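Please look through the structure below, starting from a residue in its interior and moving outward to the charged pairs, the rings and the surface.

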Amino acid sequence: MRWWDIEPVLELEHELFPEDAWSAGMFWSELAHARGPLATRRYVVAETMPDGGSAAGDGRLVGYAGLAAAGDLGDVQTIAVAREEWGTGLGARLLTDLLGAATAFECAEVLLEVRVDNTRAQRLYERFGFEPIGFRRGYYQPGNVDALVMRLSDPASSVPVDGPVQGESHG
């Protein structure tokens, strides 16, 4: 992800997370730590192929993801996939990229928060070996929705429980 991706990222962010969408400033702050030898963040985007190589084929941004690393701990900050791409395996590919970054950052474990009502995302994380470890009450505001906290030990050895990512259809 680069600065010119922030506008289309925000459009998707507001579409998918209308109550608790990140601001442009939040993305700018994360990207400020994503480059150079002291980088502690990894942010990526997924776009359709302009030559018709995917569902829409018009070069649109259809997903993004971000990871923060501190010491030996990684934290999945965000993963978002456009609704028309659900079921294509894009969410798994984005998560795979983040776990590769966690390994490069030498993270011994990775944490994340996910809305308790987002069972689709929870199933994805469980397939990669994430386990529930607790709740954060009222974490998502202003809707006051709880977050399920999940942890993955040893991201370097994580693969989806039922096989490799390519060709999956769980989004």
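In this predicted model, leucine 95 has a relative accessibility of 0% and therefore counts as buried, the cut-off being under 20%. Leucine 95 belongs to helix α3, and, when residues up to four places away in sequence are set aside, its contacts are with Val76, Ile79, Leu124, Tyr125, Phe128 and Phe130. For one of these partners, valine 76, the separation from leucine 95 is 19 residues along the sequence and 8.6 Å in space, taken from C-alpha to C-alpha.

Around this residue, the protein as a whole is built from four helices and six strands, which follow one another from the N terminus in the order α-α-β-β-β-α-β-α-β-β. The chain has 171 residues, of which 46% count as buried. Where contacts join residues at least 6 apart in sequence, 59% of them are between residues at least 24 apart.

Two of the residues touched by leucine 95, Leu124 and Tyr125, lead on to helix α4, which spans residues 119-127 and has Ala121, Gln122, Leu124, Tyr125 and Arg127 as buried residues. An α-helix has 3.6 residues a turn, so residues three or four places apart point the same way. The cover over the buried residues of α4 includes the strands β3 (73-81), β4 (109-115) and β6 (145-153), together with helix α3 (90-104). After α4 comes glycine 129, which has a positive phi, near 100°.

The charged side chains offer a second route through the fold. Side chains of opposite charge can pair when their charged atoms come close, and the structure holds nine salt bridges. In one of them, arginine 41 meets glutamate 30 at 2.8 Å, N to O; this pair links distant parts of the chain, with arginine 41 in strand β1 (residues 41-47) and glutamate 30 in helix α2, 11 residues apart. Are the two partners buried or exposed? Arginine 41 counts as buried because its relative accessibility is 19%, and glutamate 30, at 12%, counts as buried as well.

Arginine 42 makes a salt bridge with aspartate 97, at 2.9 Å from N to O. Because arginine 42 lies in strand β1 and aspartate 97 in helix α3, this pair ties together parts that are 55 residues apart in sequence. Arginine 42 is partly exposed, with a relative accessible area of 32%, and aspartate 97 counts as partly exposed at 28% relative accessibility.

A further salt bridge joins the side chains of glutamate 109 and arginine 151, with 3.9 Å between N and O. Since glutamate 109 is in strand β4 and arginine 151 in strand β6, the pair ties together parts 42 residues apart in sequence. Glutamate 109, at 27% relative accessibility, counts as partly exposed, and arginine 151, with a relative accessible area of 33%, is also partly exposed.

Salt bridges also link Asp20, Arg115 and Asp117 into a network. Arginine 115 has a further neighbour in tyrosine 140, over whose face it lies, at 5.7 Å from the ring centre.

This tyrosine opens the view on the aromatic rings, among which the structure holds five pairs. Tyrosine 140 pairs with tyrosine 139 in an edge-to-face arrangement, the centres lying 5.0 Å apart and the planes making an angle of 85°. What sets their burial classes is the relative accessibility of each residue: tyrosine 139, at 38%, counts as partly exposed, whereas tyrosine 140, at 17%, counts as buried. Elsewhere, ring pairs connect Trp22, Phe27 and Tyr64 in a cluster.

The path ends at the surface. The protein exposes about 8800 Å², and carbon and sulfur atoms supply 52% of this area. Trp3, Trp4 and Trp28 together make a nonpolar surface patch of about 420 Å². Of these residues, tryptophan 28 is found in helix α2, which covers residues 24-31, and, with a relative accessibility of 45%, it counts as partly exposed. Helix α2 thus holds both tryptophan 28 and glutamate 30, the salt-bridge partner of arginine 41 in strand β1.

Key. Residues are numbered from 1 along each chain as its sequence is written. This is a predicted model: local features need pLDDT of at least 70, side-chain atom pairs count only at pLDDT 80 or more; totals for chains, interfaces and linings use all residues. Side-chain values use heavy atoms; hydrogens and water are left out. Patches are made of residues with over 30% relative accessible area and no salt bridge: like charges are joined within 9 Å, nonpolar side chains (Val, Leu, Ile, Met, Phe, Trp, Tyr) within 5 Å. Accessible areas come from the Shrake-Rupley method with a 1.4 Å probe; for residues, only the protein chains shown count as cover. A salt bridge is a side-chain nitrogen of Lys or Arg within 4 Å of a carboxyl oxygen of Asp or Glu. Buried means under 20% relative accessible area, exposed over 50%, partly exposed in between (1.4 Å probe, protein chains only). Rings of Phe, Tyr and Trp (its six-membered ring) pair if their centres lie within 6.5 Å; planes under 30 degrees apart count as stacked, over 60 as edge-to-face and the rest as tilted. A charge sits over a ring if NZ of Lys or CZ of Arg is within 6 Å of the ring centre and within 35 degrees of the ring normal. Contact means heavy atoms within 4.5 Å.
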